[in-house]
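Subject: Two-chain model for you

Hello,

Here is the structure I promised to pass on. Please open it first, then read my notes below.

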Amino acid sequence: MSISLEDVNKIAGLAKIKINHEEACHYLKSLQDIFKLANQMDAIETHSVQPIAHPFGITQRLRQDKVTEVVHRKDFQQLTDHTEAGLYCVPIVLE
Amino acid sequence: MHNYTLTELSASLRAKKISSTELTQHFLARIEKYDKTLNSFITVTPTIALEQAKQADLHLQKGNGSPLMGIPFAHKDIFCTLGIKTSCASKMLDNFIAPYDATLVSWLNQAGIVLLGKTNMDEFAMGSSNENSFYGAVKNPWDISRVPGGSSGGSSAAVAARLTPAASGTDTGGSIRQPAALCNLTGLKPTYGRISRYGLIAFASSLDQAGPLTQTAEDAALLMNSMAGFDEKDSTSIEQPVPNYLLTLNDSLKGLKIGLPKEYFSQDLDPKVSTTIQAAIKLYEQLGAKISRVSLPNCQLVIPLYYIIASAECASNLARYDGVRYGYRCNNPVDLNDLYERTRGEGFGHETKRRLLMGTYVLSAGYCDAYYTKAQKIRALLIEEFKAAFKEVDILLGPTTPTTAFKLGEKINDPVSMYLSDIYTIAISLAGLPAISIPAGFINGLPLGMQLIGRPFTEAKLLNAAHRYQQVTDWHKKIPENFNL
């Protein structure tokens with residue numbers, strides 16, 4: 001499998017990263033080099049192998065469904081200038 | 001004063017030969033004098049440091065406090081520190097003041113450390129040279145035309161130049177061990193789950209692990225006593241008893257079975273690196289260890305495995321940087337999509353964007369099975385190979401890096417070549433194992449590191465093996481001349 005310029009532009013869209021044509025060409029070259037290495041994995045037979053989810057096979061620890069933390073809304077909202085009435089502001093989505 | 005190890009400084013503080021305030025002033029003065037050259041700190045915190053030192057002196061005068069009470073320290077700028085800028089070396093977080101302390105930070109604060117500042121790093125811990133920082137590259141104190149390694153390059157350079165007695169780092173694919181090797185330090189990557197990741201800004205959640213960067217294994221053991229432990233705030237923290245790492249440091253190595261992975265000693269290995277590591281192996285034999293060969297065939301594939309898995313995880317983790325709640329936000333977005341795309345396009349650096357693109361690609365429809373799932377299957381095979389090797393031996397030994405420190409700019413435009421500098425460290429991260437890099441010698445005036453790898457949760461054994469080696473060698477005592485004034 002080989003990656004194309006069209007792929008790079010498509011995944012930049014999916015990743016929500018604005019890149020120009022020059023950057024896309026730059027990333028294309030380096031990603032092609034990296035995927036050349038990645039394609040070496042094809043030589044390994046893995047049909048009967050289960051992909052791992054944790055290096056020691058440990059499953060996600062669960063906790064009781066009860067409140068343990070207080071939300072410091074006011075403190076957290078000081079991290080941006082774009083708040084109003086306790087809400088975060090973004091460009092208008094619906095008129 | 002700066003030539004003393006953390007352990008020696010701890011003893012001096014307790015014996016009241018020196019105060020924490022004097023010590024802190026000394027290291028702050030060294031940062032002021034030398035860091036213009038090295039660029040190892042992003043933020044220096046003199047006011048906080050002197051206040052913490054004052055408090056530590058009160059405890060020390062009363063004769064109480066932990067062995068770390070009053071010890072100056074630096075944190076990699078990936079750990080959230082309450083009320084202090086926490087940038088992850090990214091333009092994206094240049095204005096971010098952490099609203100809470102990472103667990104590691106909190107536990108070391110409770111132990112009484114004094115925070116000198118936050119160290120430089122590769123942006124979001126993605127890099128092996130510390131050239132991917134929004135705040136500029138860090139220089140290696142052994143040769144300022146060379147890289148200190150990465151991503152914990154600032155912590156490594158700062159400890160190597162004795163701007164701080166020790167520092168924290170994080171290791172996702174080698175980011176503690178590789179810079180430790182290139183800067184002549186002891187760097188421990190503990191078992192995955194050994195140290196809390198709460199408040200450690202996430203890069204690749206199945207790999208990230210915090211650890212100490214120190215002058216000696218003894219210093220690392222002292223720090224591990226306060227860093228390791230179960231934390232319910234981290235869902236990947238593992239509940240395992242924490243030993244006192246100092247108690248077993250001097251255990252005999254007689255009969256210790258050391259395995260040499262043949263893939264780490266192939267004909268591609270630089271002969272000078274090979275000679276240096278072979279000399280270390282001979283010393284271990286003299287200390288009573290038994291040496292044998294083992295094989296880890298899938299180690300040949302670790303570079304693609306790692307870059308697929310880590311990139312996939314970072315594509316998911318870094319989705320949170322959208323310009324809405326904190327961090328960088330582009331000017332005058334025309335709509336929501338424009339806000340996201342320009343914020344992320346302008347806020348992330350080149351290497352971060354490359355990995356986000358790669359991670360998004362390998363997780364996208366049609367490619368996920370071929371890349372991500374396949375990589376996780378080969379990772380499972382690799383873990384089985386380590387398990388098989390550890391049925392035969394107690395620890396594995398090999399070089400930490402294929403070369404000594406390379407020149408600044410030498411690999412920055414060739415990501416594959418850069419990624420290959422982590423070839424000996426990545427497999428261990430993928431398997432979640434503990435490993436320590438310790439100084440093993442010098443080649444043309446530049447330090448070289450040796451790596452010891454253990455079974456899960458055998459940090460005490462690795463520290464013991466490293467400490468005994470450091471009792472009969474003095475590589476770790478060497479300090480770069482230009483920073484030893």
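Which residues of α7(B) are buried? They are B:A217, B:E218, B:D219, B:A220, B:A221, B:L222, B:L223, B:M224, B:S226 and B:M227. A residue counts as buried if 20 or more other C-beta atoms lie within 10 Å of its own, as exposed if 12 or fewer do, and as partly exposed in between; C-beta atoms are placed from the backbone.

Before more detail, some ground rules. This is a predicted model: local features need pLDDT of at least 70, side-chain atom pairs count only at pLDDT 80 or more, and totals for chains, interfaces and linings use all residues. Residues are numbered from 1 along each chain as its sequence is written, while chains are lettered from A and ligands numbered from 1 in the order in which they are written. Helices (H or I, at least four residues) and strands (E, at least two) are DSSP runs, numbered from the N terminus.

The two chains

Chain A has three helices and two strands. Along the sequence they follow the pattern α-α-α-β-β. Its radius of gyration is 22 Å, where a compact globule of 95 residues would have one near 12 Å. That radius is taken over C-alpha atoms, and the globule rule is 2.2 Å times the number of residues to the power 0.38. The C-alpha atoms of chain A fill a box of roughly 55 × 45 × 25 Å, along the principal axes. Of its 95 residues, 14% count as buried.

Chain B has 15 helices and 11 strands. Its radius of gyration, 21 Å, agrees with the value near 23 Å for a compact globule of 485 residues. Of the 485 residues of chain B, 62% count as buried.

Where they meet

The contact takes 42 residues from chain A and 51 residues from chain B. Two residues are in contact if their C-beta atoms, placed from the backbone, lie within 7 Å. On the chain A side, α1 (5-14), α2 (21-38) and α3 (73-77) each give two or more residues. The largest share, seven residues, comes from α2(A). The chain A side divides into 28 nonpolar, eight polar and six charged residues. Here Ala, Val, Leu, Ile, Met, Phe, Trp, Tyr, Cys and Pro count as nonpolar, Asp, Glu, Lys and Arg as charged, and the others, Gly among them, as polar.

Back to α7(B)

This helix spans residues 217-227, and 10 of its 11 residues are buried. The buried ones pack against several elements of chain B, including β5 (186-189), β6 (209-214) and α15 (459-471). After α7(B) comes B:G229, with a positive phi near 145°.

α1(B) packs on α7(B) at an angle of about 65°, with the axes 8 Å apart. Axes are lines fitted to C-alpha atoms, for helices over the stretch in contact, and angles run from 0 to 180 degrees between N-to-C directions. B:L6, B:T7 and B:S10 of α1(B) meet B:E218, B:D219 and B:L222 of α7(B).

Strand β2(B)

β2(B) covers residues 72-76, and five of its five residues are buried. B:P72, B:A74 and B:K76 point one way; B:F73 and B:H75 point the other way. Five bridges join β2(B) to β3 (residues 114-119) of chain B, and the two run parallel. B:F73 stands opposite B:L115 in β3(B).

Best wishes

Terms used:
Pairing = 2+ DSSP bridges.
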